[in-house]
Amino acid sequence: MIGGGGLIAAAAVVTGATHLLRPTTEPVPTSTSPFVFTREEWEARAPERAADVLDEAPTYIVVHHTDTGNTDDYSRDWAFELSRAIQNHHMDSRGWSDTGQQLTISRGGFVMEGRQGSLEAIENGEHLIGAQVRDHNPVALGIENEGKYHEDEPPQSLYDALVEVCAWLCAAYDLPTSAIVGHRDLVSTSCPGDILYEMLPQLRTDTDDLLSAP
């Protein structure tokens, strides 16, 4: 089972060292955050309209999976292609104004901004409303994790990045790790897959450990 062993690499973000699974470009938006690629870097389309932003923290950090194939391509180029494919699907097939989730993590551990304005809102302690949990979007910030986790575990690279992102969001919004939930906790769905869902208690523990690291 993936778990605390990955925190050795993850803790490097908090201590200021370079995460070995991350690219060499500048981190966004703060020194205590994971490396996050902006929409400009993955060449996002312009949204059809700006998202609403609430001057308050979300209640939930929601873990999703894309329910797509478990690719072995862990490259940055693939991660960018993934973000573009998600946005195209959300806008062209679902009719949404933009990509639905606020953040995306590839199987290679690359973290990318989702809906336009998400990073700025997180920096300011605000909640930019997405479109990823029906009837709960005003209180839920979504993390889309690449892959299908009904029977398989996520790779360590993705899990480590997810721990970092959850710790960053909990710190940014002053949320307890109990705020980390699965998509199925809020609506009737199989997301984020049985295996990833069963890992959520360990994810909360590892996030707590990272938050309490020196």
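The paragraphs below go through a predicted model, beginning with its largest pocket and ending with a group of aromatic rings.

The largest pocket has a volume of about 500 Å³, and 27 residues line it, with H65, T66, H90, R94 and E144 lying nearest its centre. Two elements of secondary structure, strand β3 (60–65) and helix α3 (76–93), each supply at least two residues of this lining. Of these, α3 gives the most to the lining, with six residues. Sorted by class, the lining of the largest pocket consists of 14 polar, nine nonpolar and four charged residues.

Among the residues that lie nearest the centre of the pocket, H65 can be followed further into the structure. H65 has its place in strand β3, and its relative accessible area of 6% falls under the 20% limit, so this residue counts as buried. The side chain of H65 reaches the backbone nitrogen of Y149 at a distance of 3.1 Å. When neighbours within four places in sequence are left aside, H65 is in contact with E144, N145, G147, K148, Y149 and H150, and also with C191, P192 and G193. E144 thus appears both among these contacts of H65 and among the residues nearest the centre of the pocket.

Helix α3, which contributes to the pocket lining, also takes part in the aromatic contacts of the model. The structure holds two aromatic pairs. In one of them, F37 and F80 meet edge-to-face, with 5.0 Å from centre to centre and 80° between the planes. Because F37 lies in strand β1 (residues 36–37) and F80 in helix α3, this pair ties together parts that are 43 residues apart in sequence. Both partners have relative accessible areas under 20%, and therefore both are buried: F37 at 3% and F80 at 10%.

The other pair joins F37 to F110 in a tilted arrangement, with 6.1 Å centre to centre and 50° between the planes. Since F37 belongs to strand β1 while F110 sits in the loop between β4 (103–105) and β5 (111–113), the pair ties together parts that are 73 residues apart in sequence. F110, like F37, is buried.

Which residues do the ring pairs link into a cluster? The ring pairs link F37, F80 and F110, with F37 taking part in the edge-to-face pair with F80 and in the tilted pair with F110.

Conventions. Residues are numbered from 1 along each chain as its sequence is written. This is a predicted model: local features need pLDDT of at least 70, side-chain atom pairs count only at pLDDT 80 or more; totals for chains, interfaces and linings use all residues. Side-chain values use heavy atoms; hydrogens and water are left out. On a 1 Å grid over the protein atoms alone, a cavity is a set of points where a 1.4 Å probe fits but cannot get out, and a pocket is an open set with protein on both sides within 12 Å along at least five of seven lines; lining residues have an atom within 4 Å of a point. Grid points are joined across faces, edges and corners, and a volume is the space filled by probe spheres set on the points. Helices (H or I, at least four residues) and strands (E, at least two) are DSSP runs, numbered from the N terminus. Ala, Val, Leu, Ile, Met, Phe, Trp, Tyr, Cys and Pro count as nonpolar, Asp, Glu, Lys and Arg as charged, and the others, Gly among them, as polar. Buried means under 20% relative accessible area, exposed over 50%, partly exposed in between (1.4 Å probe, protein chains only). A polar contact is a pair of N or O atoms within 3.5 Å; within protein, one must be able to donate a hydrogen and the other to accept it, and residues adjacent in sequence count only if both atoms are side-chain atoms. Contact means heavy atoms within 4.5 Å. Rings of Phe, Tyr and Trp (its six-membered ring) pair if their centres lie within 6.5 Å; planes under 30 degrees apart count as stacked, over 60 as edge-to-face and the rest as tilted.
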